[in-house]
Amino acid sequence: MSQSDLLKIAIAQIAPEWLHREATLQKVVHCVKEAAGSGAGLVVFGEALVPGYPFWVEKTDGAVFESAIQQEIFAHYMNEAVCIERGDLDGLCAIASEYEVAIYLGIIEQPRDRGRSLYCTLVYIDQQGIIQSAHRKVMPTYEERLVWAMGDGNGLVTHSLAPFTV
């Protein structure tokens, strides 16, 4: 088996700097650099890492209608969500290109063309630092439905990575 037939994959199990997009992205960049330095060609991060999972919903009566507390924390969550079009992932894309490493990253996305909806999205950045896909979770479960909108299958695609398909 030749080196070109191998793909070292790093699974990064890190906690977010909860509800802080930029601080969490800095942790992601650090992990990507570390993994690439160890020879990884692909680094994979978990669901909703940036800016974090909305666990407050199940801990704070998240379904209470017209709750000032829920409105305040949701507004903060929305402000910390990732907007790809705004360039929130540009720094990470530059690192992917510099280190020639592909990345799967779980984000909470607020696309400009979708109003105030938030999506649990899996972003794929290739080894050239180009965002190749953004897959929005089709069906949020349980309390997630109070925070995340339903996605679709448009971003559910495969990608070529060296001789592999991921």
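**Rings and a buried threonine**

Modeller: In this predicted model, W56 has a relative accessibility of 5% and counts as buried.

Colleague: Why does W56 count as buried?

Modeller: Buried means under 20% relative accessible area, and W56 is at 5%, so the label fits.

Colleague: And W18, what makes W18 partly exposed?

Modeller: Its relative accessible area is 29%. Partly exposed runs between the 20% and 50% cut-offs, so W18 belongs there.

Colleague: How many aromatic pairs are there by this rule?

Modeller: The count is five. In one of them, W18 and W56, the ring centres are 6.2 Å apart and the planes are at 65 degrees.

Colleague: Why is the pair of W18 and W56 called edge-to-face?

Modeller: Centres have to lie within 6.5 Å, and planes over 60 degrees apart count as edge-to-face; 6.2 Å and 65 degrees meet both conditions, so the name holds. W18 sits in the loop between β1 and α1, and W56 in helix α2, so the pair ties together parts 38 residues apart in sequence.

Colleague: Why are Y104 and Y124 described as tilted?

Modeller: Their planes are at 45 degrees, with the centres 4.7 Å apart. Stacked needs under 30 degrees and edge-to-face over 60, so this pair is tilted. Y104 is in strand β3 and Y124 in strand β4, and both are buried.

Colleague: How do you know that T121 is buried?

Modeller: T121 has 2% relative accessibility, and the limit is under 20%, so T121 counts as buried. T121 is in strand β4 and touches residues including L105, I107 and R136.

Methods. Residues are numbered from 1 along each chain as its sequence is written. This is a predicted model: local features need pLDDT of at least 70, side-chain atom pairs count only at pLDDT 80 or more; totals for chains, interfaces and linings use all residues. Side-chain values use heavy atoms; hydrogens and water are left out. Helices (H or I, at least four residues) and strands (E, at least two) are DSSP runs, numbered from the N terminus. Buried means under 20% relative accessible area, exposed over 50%, partly exposed in between (1.4 Å probe, protein chains only). Contact means heavy atoms within 4.5 Å. Rings of Phe, Tyr and Trp (its six-membered ring) pair if their centres lie within 6.5 Å; planes under 30 degrees apart count as stacked, over 60 as edge-to-face and the rest as tilted. Lists of a residue's contacts leave out its neighbours within four places in sequence.
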